[in-house]
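Subject: Structure for your review

Dear colleague,

Please find below the structure that I am handing over to you. My notes on it follow the display.

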Amino acid sequence: MTLPPSPFANLTLSGFAARLRKGEVSAESTTAALLARIDVLQPRLRAFTYVDRDGALAQAQAIDRLRAAGTDLGPLMGVPIALKDLYSVDGMPTTAGSKVDIADLVEPQGGFVSRLKRNGCVILGKTATTEFALGGFNLDTPPPWNPCDPEVARMTGGSSHGSAVAMAAGLAAFTVGTDTGGSVRWPAALCGVVGCKATTGHWPQDGIFPLSRQMDSIGTFTSSVADAATIEAALAGRGDIAPALPSSLVLALPGAHFFQHIEDDVQRCFTQAVALLRAAGATIVEVPLPEAAEIDEVFGGLIAAEWLAFVGRERFVANASRMDPVAAARIRAGLELKADAYARLCTRHVALVEQIAARASGIDGWISPTVVTLPAPCSDVRTVEQAAAWNRLNTQNTRPGNLFGQCGISLPMHQLGARGPAGLQLCAAPHHDRQMLATALAIESVIGRPPPVRDGTDGAR
């Protein structure tokens, strides 16, 4: 079957908005083209868990009628998107990637999805997640196929891996995930796209199946930082975000924790990125974050306890054997956490957020590799222990951003000399989302953008 080209292969969201208003494209034709790509690629990539073909086309037709009547909903009008299977969407199922019956826990459609709809987005369907968003790899359910390699099934990261793969393969204009420990930035890095994590609470989080209310955040996958900035500006109802001047940037290196176990290709790209930024006039300083060493104790303890509090200890015990063993092992570790210990972890988390925010004074953000490895073959992980070790290694740089309450973004940097996808991470102080994106726009202008990744279909294109 011939693979239709992506309507957004060489088109930004703002470019699409301009063409839609000139009548050069329609929401319906764009949606139909993406659905045709999904038809061809979904059997191989497995990025989606649910495709709402009829609903998406009906939404697109309604958008076109509004445009014809002179109604303009803004820069996201008619843009086809996909949402992680943690988001409640009217008329669509929500499973949180699990076989466990959670129907009574699924909330009605929430404020963020309603805001997307009010802005005219067309929702194509739901994308795959690891079970309950617990980590990046499940043994029972293989991850979607990473489009970076048509021959070898490689790690995609998680838990928002379906959204990352759909974005990398050009199956939507942008996709949406959640990020509690790196679940947007991590798969973005391994799939070669941009992944932007908002500050926790920056957007309404009702109607999203939670992992940790304290650290959950909404994130988007795009092909460029410019598109991420367009989404932020549109949903916030504010003006466009102008890029910062590279020569005005003050960027911090966070210390040794973020460079442990780093692979040569990733180190080479990051070193080159730093050199390019310095050559463009950016100031690079060392502002250590030794508190990152607390991620296993504080982050790990809070995640298991808060998931159990929402889903229920009894439900977990009754269904643990039905869950993926990697996910179940993470939750089982929280069964013995005492109330006083949980209270101490919460107190420490609040203190860390305040402490690191104060340290951000005078800098535009910390930069580091997003993930210290390239996407490894999925066959390298066969046991619960291997999966747990792989999760810890690949989130060593992303989990601190959640623990510290920061906003963050991963930009592709493999164009600087890696054999596979690699990302540069920028994290900034809480609630500095617009400023962080202005900084990221400047960084992208300096380090460049990679060519689109392949779609993993063995020549189907």
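**The contact between T180 and D216**

In this predicted model, the side chains of T180 and D216 make a polar contact with each other, at 2.5 Å. T180 is placed in the loop that runs between strand 4 (174-178) and helix 6 (185-191). With a relative accessible area of 4%, T180 is buried, because the cut-off for that class is under 20%. Residues up to four places away in sequence aside, T180 touches L211, S212, M215, D216, F299, I303 and N402.

**Overall form**

The protein has 15 helices and 11 strands. Its radius of gyration is 21 Å, which agrees with the value near 23 Å that a compact globule of 461 residues would have. Along the principal axes, the C-alpha atoms fill a box of roughly 60 × 60 × 40 Å. Of the 461 residues, 61% are buried. The exposed surface of the protein comes to about 16800 Å², and carbon and sulfur atoms supply 54% of it. Taking the contacts between residues at least 6 apart in sequence, 81% join residues at least 24 apart.

**Nonpolar cores**

In soluble globular proteins, nonpolar side chains tend to be buried together. Here the largest nonpolar core has 100 residues, and those with the most contacts inside it are L83, F132, L171, F174, W307, F316 and M323. Helix 9 (residues 295-311) gives the largest share of this core, with 8 residues. A second core, separate from that one, has 40 residues, including I284, M436, L441 and I443.

Which residues does L83 touch, not counting those up to four places away in sequence? They are V89, V113, L116, I123, G125, K126, T127, S163 and V176.

**The loop between strand 3 and helix 5**

Several of the local features that I wish to point out fall in this loop. F132, already named among the residues with the most contacts inside the largest core, is located here. F132 is not a glycine, yet its phi is positive, near 55 degrees. Its relative accessibility is 1%, so F132 counts as buried.

S159 belongs to this loop as well, and the peptide bond that leads from G158 to S159 is cis, with omega near 5 degrees. The loop also holds S160, which counts as buried at 0% relative accessibility. A polar atom of the S160 side chain lies 3.0 Å from the backbone oxygen of S183. Apart from neighbours within four places in sequence, S160 is in contact with K84, A128, G177, T178, S183, V184, P187 and F221.

**Helix 5**

Helix 5 is largely enclosed by the rest of the structure, because 8 of its 8 residues are buried. These are H161, G162, S163, A164, V165, A166, M167 and A168. One of them, S163, is also among the residues that L83 touches. After helix 5 comes G170, with a positive phi near 70 degrees.

**Helix 2**

Where is the kink in helix 2 (residues 27-45)? It lies at D39, shortly before the proline P43, and amounts to about 40 degrees. The buried residues of this helix are A27, T30, T31, L34, L35, R37, I38, V40, L41, Q42 and L45. An α-helix has 3.6 residues a turn, so residues three or four places apart point the same way.

The packing partners of the buried residues of helix 2 include three helices and three strands: helix 1 (13-21), helix 3 (53-68) and helix 5 (161-168), together with strand 1 (48-51), strand 2 (80-84) and strand 3 (122-127). R46 follows helix 2 and has a positive phi, near 55 degrees.

**An exposed residue with positive phi**

Is H261 buried or exposed? H261 is exposed, because its relative accessible area of 58% is over the 50% cut-off. H261 lies in the loop between strand 7 (250-253) and helix 8 (264-279). Its phi is near 60 degrees, a positive value in a residue other than glycine.

With kind regards

Methods: Residues numbered from 1 in each chain as written. Predicted model: local features only at pLDDT ≥ 70, side-chain atom pairs only at ≥ 80, totals over all residues. Heavy atoms only, no water. Bend = angle between axes of the 7 residues up to and from the residue. Helix = DSSP H or I, 4+ residues; strand = E, 2+ residues; numbered from the N terminus. Buried < 20%, exposed > 50% of the residue type's maximum accessible area, 1.4 Å probe, protein only. Contact = heavy atoms within 4.5 Å. Core = buried A, V, L, I, M, F, W, Y, C linked by side-chain atoms within 4.5 Å. Polar contact = N/O pair within 3.5 Å; in protein donor to acceptor, adjacent residues only side chain to side chain. Rg over C-alpha atoms; globule rule 2.2 N^0.38 Å. Areas by Shrake-Rupley, 256 points an atom, 1.4 Å probe, with all protein chains shown as cover.
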